[in-house]
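Visitor: Could you take me through one small part of this protein in detail? I'd like a close look at a single spot and what surrounds it, and then a step back to the whole chain.

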Amino acid sequence: MGFKKPWRDYSPKPFSSAEWLAGDKIERGRMMRDMFRNPKMDIRSRDAAIKTLGEPDIKKTIENKEVWFYRIDFGIPDAMDLTAISFDEKGRGSSGYAHGGTMSMGEKESDLK
């Protein structure tokens with residue numbers, strides 16, 4: 001992880017739920033830049049998020065919100081390797097997550113507590 005595999009394409013590409021669900025963390029990393037501004041990414045609820053992104057790789061409760069993390073790989077050493085979706089107390093989804101007074105779209109798995 002964190003080093004580009006010369007036989008893989010790491011160039012950005014548009015978000016596609018079908019490709020996200022079928023892809024690995026490298027394919028997911030390629031879609032990361034487009035996914036949060038793409039209207040095809042439906043995360044308005046837990047059910048919608050599962051249909052769009054599948055089951056998360058990691059679930060955590062952070063600052064009283066349920067946060068789902070999905071593994072990504074940009075092929076860059078020490079880069080963020082997780083993208084986050086948060087759900088409020090009513091189950092409404094949003095991109096990223098809040099922690100320590102800041103908002104973040106990604107995280108390093110090694111930094112999760």
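Guide: Here is a walk around one glycine and one of its partners, followed by the protein as a whole. Keep in mind that this is a predicted model.

Let's start at Gly96, which sits in the loop between strand 4 (93–95) and strand 5 (97–99). Is Gly96 buried or exposed? Its relative accessibility is 0%, and since anything under 20% is called buried, Gly96 counts as buried.

So what does Gly96 touch, once its neighbours within four places in sequence are left aside? One run of partners is Ala84, Ile85 and Ser86, and the other is Met103, Ser104 and Met105. There is also a longer reach along the chain to look at: Phe36 is 60 residues away from Gly96 in sequence, yet the C-alpha atoms of these two are separated by 9.2 Å.

Now hop over to Ser104, one of those partners of Gly96. Ser104 belongs to strand 6, which covers residues 102–104. With a relative accessibility of 14%, Ser104 is also under the 20% cut-off, so Ser104 counts as buried. Leaving out residues up to four places away in sequence, Ser104 is in touch with Gly96, Tyr97 and His99. Tyr97 and His99 fall within the 97–99 stretch of strand 5, so from Ser104 you meet both the loop glycine and residues of the strand that follows it. The side chain of Ser104 has a polar partner too: one of its polar atoms lies 2.4 Å from the backbone oxygen of Gly106.

Time to zoom out. The protein has three helices and seven strands, and along the sequence they run α-α-α-β-β-β-β-β-β-β. Its radius of gyration is 14 Å, close to the 13 Å that the globule rule gives for 113 residues, so the protein is as compact as a globular protein of that length. Along the principal axes, the C-alpha atoms fill a box of roughly 45 × 30 × 20 Å.

Gly96 and Ser104 have company in being buried, as buried residues make up 45% of the 113 in the protein. Of the contacts with a separation of 6 or more, 46% are between residues 24 or more positions apart.

As for the outside, the accessible surface comes to about 6,500 Å², with 52% of that belonging to carbon and sulfur atoms. And the charges? There are 21 positive and 19 negative ones, and their mean positions are 2 Å apart.

Key
Residues numbered from 1 in each chain as written. Predicted model: local features only at pLDDT ≥ 70, side-chain atom pairs only at ≥ 80, totals over all residues. Heavy atoms only, no water. Helix = DSSP H or I, 4+ residues; strand = E, 2+ residues; numbered from the N terminus. Buried < 20%, exposed > 50% of the residue type's maximum accessible area, 1.4 Å probe, protein only. Contact = heavy atoms within 4.5 Å. Polar contact = N/O pair within 3.5 Å; in protein donor to acceptor, adjacent residues only side chain to side chain. Rg over C-alpha atoms; globule rule 2.2 N^0.38 Å. Areas by Shrake-Rupley, 256 points an atom, 1.4 Å probe, with all protein chains shown as cover. Lys, Arg positive; Asp, Glu negative; His and termini not counted. Charge placed at Lys NZ, Arg CZ, Asp CG, Glu CD.
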